[in-house]
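Please open the structure in your viewer and keep the selection panel at hand. The stops below follow one another, each beginning with something to select.

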Amino acid sequence: MITKSNYSTLITAIIISAIIISGAIVFFALKMDNREVSDAKIESSLNRIMENRQQDKMRQHHLDMNKEVRSTKQRLQAVNQVDKEIDHIFGNSDAEFTLIEYGSFGCVHCADMEQNIRLLVAESKENLNWVYRHLPVAFRNSREALLEAEASECVSVLKGESGFWKFADVLNKNGHQSAFSQQQLRSFAKETGVNESKFEKCLSKGQQKERINRDTQSIASLDIGGLPVVVLKQNKTGKTYPLIEGISTSYFKFEIDQIIRNERTPILEQITSGSKLFATNCAGCHGDNADGKLNKAPALNGTAHAWHHSNFGLFQTIKEGSTAKDSPMKGWKDKLTDDEIESIIRYFQSLWNPEMMR
Ligand code: HEC
């Protein structure tokens with residue numbers, strides 16, 4: 001039976017439960033709302049984590065690549081000096097610099113590069129020559145490449161250095177898509193004026209195998225992949241500069257200029273003058289400390305990705321301007337000399353972590 005006091009208790013209970021229920025609804029509603037807010041937050045945090053991870057991965061990839069480049073350059077330091085008695089030298093044999101190429105007849109990149117080298121040597125006013133060493137391995141069919149190398153050495157024995165270089169040129173000009181037959185090699189050799197039967201005897205008896213082996217062995221232990229392998233030597237000092245970032249004449253010129261520049265001006269001086277030039281010409285966009293806060297110009301101090309580029313790549317961007325469409329990054333070749341551009345690179349590279357260097 002419901003008494004009055006029972007009744008009021010019941011009403012109170014109903015009111016209390018109503019409050020509890022509505023409170024719960026509000027609480028859950030708020031919670032739901034919160035959950036949605038935090039879902040969005042979680043999603044954006046996750047995205048950020050993924051982005052960071054992706055960036056970390058890229059960063060690691062570039063660090064690994066730079067390490068590999070440094071290690072290859074280190075190993076290539078061991079390439080032998082020019083031996084005037086044995087090496088094939090194109091150009092002035094007393095030149096200050098030598099481009100030593102390990103190549104194979106039939107390697108298209110080698111042939112393209114060799115055309116560039118011939119031009120460079122001609123333009124160098126006797127300061128640069130070119131040494132060709134045989135590396136007829138791991139390429140097309142190494143047996144065929146070996147036969148071509150042997151043919152060139154037979155021509156060399158019978159017709160001297162001029163014969164060798166002429167034969168090399170004839171091979172390049174006749175294309176590289178397929179290997180040359182012994183018959184073709186014979187007819188190319190004839191173009192250099194060799195005695196045919198002597199050439200034939202030399203080739204069929206494999207008389208020049210050892211000579212070729214000498215070249216190949218001189219690099220075999222360095223564990224270098226790919227062709228051509230090129231180093232620049234300064235002959236009087238024996239200093240060796242591996243050229244592994246390209247085969248263009250502008251790249252070769254860049255490297256030679258850099259050696260001369262570094263000999264003339266100590267690095268510290270280059271950094272100091274580069275820092276001043278940077279403040280005048282670049283800081284307006286790239287930030288006072290190359291930290292890139294203004295005008296969307298990226299940081300060059302090692303916190304963005306400028307350090308992913310090779311020195312030559314940086315040099316080209318600054319000299320010729322960005323290749324990106326409508327970029328405010330114009331070329332500086334009319335305002336800064338090559339030396340000045342290089343010293344600016346030295347300056348912002350001095351802000352990098354050493355492992356970012358190639
Ligand atoms: C008017 C603004 C401006 C000035 C001045 C300027 N830059 Fe840039 N630079 C940019 C912008 C923007 C980019 C971004 C890349 C693009 O647009 O392709 C850039 C890109 C670069 C890059 C490539 C960076 C990368 O991570 O790939 C280098 C290197 C560079 N600038 C060096 C210089 C140097 C050195 C100077 C001074 C001699 C200079 N810049 C002056 C705006 C400028």
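Which residues does V155 touch, not counting residues up to four places away in sequence? Bear in mind from the start that this is a predicted model, then select V155 together with G163, F164, F167, A189, T192, V194 and F199, which are the residues that V155 touches when those up to four places away in sequence are not counted.

Widen the view from there to the largest nonpolar core, which has 48 residues and in which V155 and A189 are the residues with the most contacts inside the core. Colour helix α3, residues 142-173, to see the element that gives the most to this core, with 12 residues. Another core, of 15 residues, lies apart from the largest one, and you can find this second core by selecting some of its members, among them A306, L314, F315 and F348.

Now turn to the strands and show the open sheet, in which 5 strands with mixed pairing run in the order β1-β3-β2-β4-β5. Select β1 (88-90) and β5 (239-242) at the edges, where each has a single partner strand, so one side of each is left without a neighbour in the sheet. Going from one strand to the next, the twist averages 25°.

Stay at β1 and add strand β3, residues 128-134, with which β1 pairs in the antiparallel sense over 3 bridges; if you pick F90, its bridge partner in β3 is W130.

Finally, select helix α7, residues 249-264, which packs on the sheet and touches β2 (97-103), β4 (229-234) and β5, while the direction of helix α7 makes about 30° with that of β4.

Notes
Residues numbered from 1 in each chain as written. Predicted model: local features only at pLDDT ≥ 70, side-chain atom pairs only at ≥ 80, totals over all residues. Core = buried A, V, L, I, M, F, W, Y, C linked by C-beta atoms within 7 Å. Buried ≥ 20, exposed ≤ 12 C-beta atoms within 10 Å, placed from the backbone. Helix = DSSP H or I, 4+ residues; strand = E, 2+ residues; numbered from the N terminus. Contact = placed C-beta atoms within 7 Å. Pairing = 2+ DSSP bridges. Axes fitted to C-alpha atoms, helices over the stretch in contact; angles between N-to-C directions.
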